[in-house]
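Subject: The structure for you to look through

Dear colleague,

I am handing over the structure below, together with notes on what was found in it. Please keep the sequence and the 3D view open while you read.

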Amino acid sequence: MRILLMKPPIRACMVEVGRHVPIGLAYLSSALREAGHRTAIFDALSFVEDNHVVPESELTAKEQEKLRHHPRWRHILHWGARRERTEEALRSHRPDVIGISCMFTPFYEAAYDLARLAKRIHPQAVVLLGGQHGTVSFPHALQVPEIDVVVLGEAEATVGPLVAELAGARRLDRLPGIAFRCGEGFCGCTEPGRAPHIRPRTPFAADLDALPPPAADQLDFARYDGTTTLITSRGCPFSCTFCTVHATVGKEFRARSPENVVDEIEHYVNRYGVHRFLIEDDNFTFDMDRVRSICRIIRERQLEVKLRLPNGITVLKLSDELVADMVGAGFESLFFGLETTDAVRLRRMRKGFTSLPKVAAGASLFRRHGLDVNGSLIVGLPGQTLADMAQDSVNCALAGVRFYTNPFYPIPGSADYRTCLTSGLIDSLTEPALFDQFNFAFGNGEVSPEEMYWAWAVTQAMALWPRYFEEGGLRRGRGGEVPLAEAADRLAAHSRALLATGRRMDVPALVRDARVTDGGTALVRTDPGSCFCATQRVVGDGRAAADAPELCLYSGDVIAAALSGYTGVPHAAAQRASAAAGDAEGCAFEVRRTDAEPLASITAVFLDRLDATRREPGQEVVGASVP
């Protein structure tokens, strides 16, 4: 049979970039080809030249609802192939079966829309939906008539028998690992039932080395910046309350052999010229001996590669020898999943095995071998107060631990999602599209959605410029009002120092230049490659001026938060020029004083926590070393 495997575009307020190689579809394609089928992969997310701001007239009802809930932003971004390109791919391949991946529930609408388009063009084709969303929310997916079958969990062992049955008798009620509606020709029921058929899951693959390697020949690595994704293990024995990984890959840690992993790396290097790898394991460092063996074989084969771990590493079992092996093999841009510096809350999250002191010690090990690593924090965890959020960032900054922050959001299927249900923050009828991480549609029981957004903006500023905040605290401690012009000059200097490192920053807000007018307003321009529009790859989108004249308010809000932290006075930003809209000067913002709430109160809380903690005995303040 002819099978087209598709990854839909994403439409959201903000898209995390650089992690979109469709490795899951490539594994399925390989398994299907081994069974004798003809396959193709269409990855809509790889067509970044089609990225654009969605015009107001094209917003769906759910997207309009998302914008009504967002405390600040007024845009929806479309990331990936436009509809015309997707339609052309569907017509040119003439598939018998169309498989659609949907990994994240907040982005389900684009996947459902793709299913409708696929059925309109190929009404006789069978449409499958797989991925995390389908696995945890299959009743929701089966409400879409155009989706015929939902594939549950790991699919390599499921799709072969499924496609074979679709080519024959089409009796799917004898197959494991799928869900489908009754009475549509896929079951032997004499009377159609209202409930769907939900078949027991296929056992997780025990021998990952036995799986056929992903169909790399169907991927255009130039579209992924010469980078690909590796999956070297599956399953995670930990039970973090915010995570849903167990739904798709289980709790048992299953790993490929070191030789098998490095064979794949070497194949990419020699056959495709790929030297950068994102290892998407959920717990890559769980087996430290295996990690060291992988590193040793990479060095023995003299492979010049760069390896990253987008899902982070744990502090467990770290040693100087392991760190030396990882750095020597080419690992870079690593981070520890810290989430919070509050030991009590970490135990509630079932992450009592980590702590700020352990992360600081681990970071020191890596620095000894020439590699800076981050810690990750979650802002707005259930029950966190503003002071708690501020304290986490302050603790990391004063401990000298580089960090970045992500806003909390309830992931359907997670323990935290159930907590939000029982506490009344959400209910079973809450629109799933609102669970977008950067939509800020919900509070956490202690703070409102608006407060959570502004608190996150301050943590982003502190994560990007921790020494700037420390310097500002020292400057304010000398007494007298800190002039905005001084704060703006110092922020530009700190930004230039960061740009000089050549590192990619997690927060897109580096300042190119700044000046203060006679009226006391700061005019700030961002570095062209370090603004929100650049990271979202929509620079020069001709329609952005009309559709989102303040597209980069995120960057402006982070800059304003930094100036507030230095001067001790709350400031707010407004966008005055946009590179996305084609302004030659790039993105520019006006930043001025404000007494508006909740910004003023949030600024006061963060500065109180910074100044009070800095004065505690034993706190060693890192002095400013930026020119």
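In the loop between α7 (156–166) and β9 you will find Arg-170, and its backbone deserves a look, since Arg-170 has a positive phi of about 65° although it is not a glycine. Please bear in mind, here and below, that this is a predicted model. As background, most residues other than glycine have a negative phi, and most peptide bonds are trans. Is Arg-170 buried or partly exposed? With a relative accessible area of 29%, Arg-170 is partly exposed, because buried would require under 20%.

Phe-440 also has a positive phi, of about 50°, and is not a glycine; Phe-440 is found in the loop between α15 (415–423) and α16 (449–464). The relative accessible area of Phe-440 is 4%, so this residue is buried. A further backbone feature is the peptide bond from Glu-597 to Pro-598, which is cis, with omega near 10°, and Pro-598 has its place in the loop between β22 (588–593) and α22 (599–614).

Turning to the strands, you will see an open sheet formed by seven of them, in the order β3-β1-β6-β7-β8-β9-β10, with mixed pairing. Its edge strands are β3 (38–43) and β10 (197–198), each of which pairs on one side only. As general background, strands of a sheet pair through backbone hydrogen bonds, either parallel or antiparallel. An antiparallel pair in this sheet is that of strand β8 (residues 149–151) and strand β9 (residues 178–180), which are joined over three bridges, and there Val-150 stands opposite Ala-179 in β9.

Strand β6 (residues 97–101) is a good place to follow the parallel pairing. Four bridges join strand β1 (residues 2–7) to β6, and these two run parallel, with Leu-5 standing opposite Gly-99 in β6. On to strand β7 (residues 126–130), β6 is joined by five bridges, and this pair is parallel as well; the bridge partner of Ser-101 in β7 is Gly-130. Between β6 and β7 the chain crosses through helix α4 (residues 108–121), and this β-α-β crossover is right-handed. Why can β6 be called largely enclosed by the rest of the structure? The reason is that five of its five residues are buried, and both faces are covered, with Val-97, Gly-99 and Ser-101 on one side and Ile-98 and Ile-100 on the other.

The next part concerns a region named in a record: the UniProt annotation "domain: Radical SAM core", from an unreviewed entry, covers residues 222–446. In the model, the end C-alpha atoms of residues 222–446 lie 46 Å apart, and the span is 37% helix and 14% strand.

Strand β17 (residues 374–379) is mostly covered, as six of its six residues are buried. Asn-374, Ser-376 and Ile-378 point one way from β17, while Gly-375, Leu-377 and Val-379 point the other way. Strand β16 (residues 335–339) is joined to β17 by four bridges and the two run parallel, while six bridges join β17 to strand β18 (residues 402–407), again in parallel. Leu-377 is a useful residue to click on, because Glu-339 stands opposite Leu-377 and Leu-377 stands opposite Thr-405 in β18. From β17 the chain crosses through helix α14 (residues 386–399) to β18, and this β-α-β crossover is right-handed.

Finally, please look at helix α9 (residues 258–272), whose 15 residues should span 21 Å at 1.5 Å a residue, and whose end C-alpha atoms are 21 Å apart, which agrees. Which residues of α9 are buried? They are Pro-258, Val-261, Val-262, Glu-264, Ile-265, Tyr-268 and Val-269, and because they cover an arc of only 150° around the axis, they lie on the same side of α9. The elements that cover these buried residues include α1 (23–34), β11 (227–230), β14 (276–279), α10 (288–300) and β15 (306–308). On the face turned away from the buried side, α9 carries the exposed residues Asn-270 and Arg-271. After α9 comes Gly-273, whose phi is positive, near 70°.

Best wishes

Technical notes
Residues are numbered from 1 along each chain as its sequence is written. This is a predicted model: local features need pLDDT of at least 70, side-chain atom pairs count only at pLDDT 80 or more; totals for chains, interfaces and linings use all residues. Side-chain values use heavy atoms; hydrogens and water are left out. Buried means under 20% relative accessible area, exposed over 50%, partly exposed in between (1.4 Å probe, protein chains only). Two strands pair if DSSP finds at least two bridges between them. A crossover is right-handed if, with the strands pointing away from the viewer, the path from the first strand over the helix to the second runs clockwise. UniProt positions are given in the numbering used here, feature names are shortened, and annotations may be inferred rather than shown by experiment. The expected span of a helix is 1.5 Å times one less than its number of residues. The arc is that of the directions from the helix axis to the C-beta atoms. Contact means heavy atoms within 4.5 Å.
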